[in-house]
Amino acid sequence: MELRFVSPHLTELDSLESEVLACTVFEDVRPCDGVAGLCDWRTVGRISSLQRDGYLIGQRGEVLLLPGRPRLTFEKLLLFGAGRREAFDENACSEVTRHMLSTIDGLQAHIAVAELPGRQSNMITPERAADLLLEAAGRTHQQAIWTLVEDSEARRQITQHMIEERRRVRRAL
């Protein structure tokens with residue numbers, strides 16, 4: 001799996017053309033935050049409206065597919081439920097990340113942009129979120145290209161962490 005990065009700003013996201021944009025929503029956070037909040041703003045409150053009407057709850061295991069275009073540069077917007085914010089932990093992050101991977105895989109999309117679960121509010125470190133993604137991807141998603149939505153500091157932390165992990169693996173061999 002190849003990891004790339006984009007900043008969490010609409011102008012940066014608008015510069016990308018990808019088939020899928022994936023992000024999470026919490027059951028108890030209204031209005032939604034992070035990339036979902038940016039998409040809600042760009043789609044003139046469509047996500048908030050779906051939440052109000054009960055079509056999007058945010059429960060763990062839930063996924064909602066919305067068309068991205070014409071208001072977004074992405075063909076598909078995938079919203080994954082992350083459950084209640086206070087119950088979110090590393091296990092929840094891992095579970096939602098695996099759900100993201102399998103759903104995007106089911107759409108046969110090899111290029112995706114994603115805000116990893118919990119990253120919109122720093123509930124999990126950037127390094128650990130990337131590790132959980134790579135663990136879930138394993139050897140079956142080696143051809144996939146994922147662009148992670150992260151600020152410059154998190155980008156630096158993930159990159160440094162990956163370099164250190166490669167060194168550790170080489171030393172172990």
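**Exercise 1. A charged patch**

Find the residues that form a positive surface patch in this predicted model, then place R167 and say how open it is.

*Solution.* Start with the arginines: the positive surface patch is made by R166, R167, R170 and R171. Next, pick out R167 and look up its element, which is helix α6, residues 152–172. Then check its accessibility. R167 has 44% relative accessibility, so it goes down as partly exposed.

**Exercise 2. Two buried residues**

Work out where A137 and L148 sit, whether each is buried or exposed, and what each touches beyond its sequence neighbours.

*Solution.* Take A137 to begin with. You'll find A137 in helix α5, which covers residues 126–137. Its relative accessibility is 1%, and buried means under 20%, so A137 counts as buried. Now skip the neighbours within four places in sequence: A137 is in contact with M1 and L101. For a sense of distance, try E86, which is 51 residues from A137 along the chain; their C-alpha atoms are 26 Å apart.

Move on to L148, which belongs to strand β6. Its relative accessible area is 0%, so L148 is buried. Again leaving out neighbours within four places, the contacts of L148 are L3, R4, F5, V6, A114, L116, L133 and I158. As for R42, it is 106 residues from L148 in sequence, with 19 Å from C-alpha to C-alpha.

**Exercise 3. Salt bridges across the chain**

How many salt bridges does the model have? For the pairs E95 with R60, R128 with E90 and E150 with R119, give the N to O distance, the location and the exposure of the partners.

*Solution.* The count first: there are 15 salt bridges, using a cut-off of 4 Å between nitrogen and carboxyl oxygen.

*Step one, E95 and R60.* These two form a salt bridge whose closest N and O atoms are 3.5 Å apart. E95 is in helix α4 (residues 90–106), while R60 is in the loop between α3 (46–52) and β3 (63–67), so the bridge ties together parts 35 residues apart in sequence. With 34% relative accessibility, E95 is partly exposed. R60, at 35%, is partly exposed.

*Step two, R128 and E90.* Here the closest N and O atoms of the salt bridge are 2.9 Å apart. R128 comes from helix α5 and E90 from helix α4, so this pair links distant parts of the chain, 38 residues apart. A relative accessible area of 24% makes R128 partly exposed, and E90 is partly exposed at 40%.

*Step three, E150 and R119.* Their side chains meet in a salt bridge at 2.9 Å, N to O. E150 is in the loop between β6 (145–149) and α6, and R119 is in the loop between β5 (111–114) and α5; the pair links distant parts of the chain, 31 residues apart. Check the accessibility here: E150 has 4% and counts as buried, and R119 has 8% and counts as buried.

*Step four, shared partners.* Some salt bridges have partners in common, and these join E19, R69, E75 and K76 into one network.

**Exercise 4. Backbone oddities**

Which peptide bonds to P31 and P70 are cis or trans, and what sign does phi have at V44 and Q108?

*Solution.* Keep the background in mind: most residues other than glycine have a negative phi, and most peptide bonds are trans.

*Step one, the prolines.* Between R30 and P31 the peptide bond is cis, and omega is near -10 degrees. P31 is in the loop between β2 (20–25) and α2 (34–42). R69 and P70 are joined by a cis peptide bond too, with omega about 15 degrees. Look for P70 in the loop between β3 and β4 (76–81).

*Step two, the phi angles.* V44 isn't a glycine, yet its phi is positive, about 55 degrees. V44 sits in the loop between α2 and α3. Its relative accessibility is 61%, so V44 counts as exposed. Q108, another residue other than glycine, has a positive phi near 60 degrees. You'll see Q108 in the loop between α4 and β5, and with a relative accessible area of 64% Q108 is exposed.

How values were computed: Residues numbered from 1 in each chain as written. Predicted model: local features only at pLDDT ≥ 70, side-chain atom pairs only at ≥ 80, totals over all residues. Heavy atoms only, no water. Patch = residues over 30% accessible without salt bridge, like charges linked within 9 Å, V, L, I, M, F, W, Y side chains within 5 Å. Areas by Shrake-Rupley, 256 points an atom, 1.4 Å probe, with all protein chains shown as cover. Lys, Arg positive; Asp, Glu negative; His and termini not counted. Charge placed at Lys NZ, Arg CZ, Asp CG, Glu CD. Helix = DSSP H or I, 4+ residues; strand = E, 2+ residues; numbered from the N terminus. Buried < 20%, exposed > 50% of the residue type's maximum accessible area, 1.4 Å probe, protein only. Contact = heavy atoms within 4.5 Å.
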